Amino acid sequence: MAMKTTVSPLTDFHFNIHSPKIQPISLNSSYALPLPFSVRCNQNLPLHFRRRFLHSSAIQRRRSLPSTCFVSDGTAYNVEAKATTDDLSLEVKKKAKDVAPELKGTSIFLVGINSSLKTKLGKLLADMLRYYYFDSDSLVVEASGGVAAAKLYKESDENGFRASETEVLKQLSSMGRLVVCAGNGAVRSSTNLALLRHGITLWIDIPLQIIAEEFAEDRGQLPVFDISTSGSYSEVLGQITSLYQEIKVGYATADASISLQKLASTLGYDDFNAVTTEDMALEALKEIEKLIRMKKMMEAAAKPF
């Protein structure tokens, strides 16, 4: 893990393949919506209600809250889900505020089989840390002239296609203050893995069955070059499993892993879908904080007495 402080202007970012200009993605800076201004409950909430839930454990945070509330016109309003979501979002923002100065502009690379959860996590982390967000596969697609052209390029010249993936990573790794969702090709070669060492790498470990179900339901939501767009769920799962077995060694080189299965178990959930993007983001920020702390300890230990 290397800490990078140099920030290159994103407006100067070009590819050497077809040299399209890449524009930074503008993200909404607010994810949490405030409760209605005039809310009154039919029972008194403790004054320390919000503080208790901000600092409690993940399971405590999800205990049932008084939910029989009314807005000013007397309409019933359920605040249970709203309050827990808002409190978790505030906790993520607080953790990001603590971590951001210590990062000193170091970029974050998210590796793992492509999924919508990985994408949502990347965008949320970028928003919380005031970073720019990029998806390396999307940049390869743009540089190639579109999804169809990128797939044709891979089929006709796979070595050239992999070289374009490396070129994208090379340019992204030379910049700072980025959250990058790295494509499956990011861990296929030692060259790419070395480029990822310019930042912090997190392996987003999601059960393959969930990814296969997601892909089967919406085959066009992500640019996927290693999975066929045809076939049944079982065939897609087989392709994803083969892909995972092929590149899992590269995932193991990540600085830390965020496992959906482990996080769900920690939070006391039987259903993986109960884990939110905010849950994943908070876990990722905690892991980043640990890595920064470890680096400082190693640097201190290396100093002569």
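**Burial and overall make-up.** I looked up burial in this predicted model and found that buried residues account for 46% of the protein's 305 residues. I recorded an exposed surface of about 15600 Å², with 53% of it supplied by carbon and sulfur atoms. For secondary structure I noted 12 helices and 8 strands. Turning to contacts between residues at least 6 apart in sequence, I found that 76% join residues at least 24 apart.

**Salt bridges.** I searched the whole structure and obtained 10 salt bridges. I examined several of these individually.

**Arg162 and Glu158.** I found these two residues in a salt bridge, with 3.4 Å between the closest N and O atoms. Both belong to helix H7 (residues 158-173), where they lie 4 residues apart, about one turn of the helix. I checked accessibility for each partner: Arg162 is buried at 16% relative accessible area, whereas Glu158 is partly exposed at 40%.

**Asp255 and Arg197.** I noted a salt bridge between these side chains, at 3.0 Å from N to O. The pair links distant parts of the chain, 58 residues apart. I placed Asp255 in the loop between helix H10 (233-251) and strand S8 (256-259), and Arg197 in the loop between helix H8 (190-196) and strand S7 (200-205). Arg197 is partly exposed, with a relative accessible area of 31%.

**Glu289 and Arg293.** I recorded a salt bridge here with the closest N and O atoms 4.0 Å apart. The two residues are separated by about one helical turn because they stand 4 residues apart in helix H12 (residues 277-302). Glu289 is partly exposed at 23% relative accessibility, and Arg293 is partly exposed at 44%. I also found that Lys95 joins Glu289 and Arg293 in a network of salt bridges.

Notes:
Residues numbered from 1 in each chain as written. Predicted model: local features only at pLDDT ≥ 70, side-chain atom pairs only at ≥ 80, totals over all residues. Heavy atoms only, no water. Buried < 20%, exposed > 50% of the residue type's maximum accessible area, 1.4 Å probe, protein only. Contact = heavy atoms within 4.5 Å. Areas by Shrake-Rupley, 256 points an atom, 1.4 Å probe, with all protein chains shown as cover.
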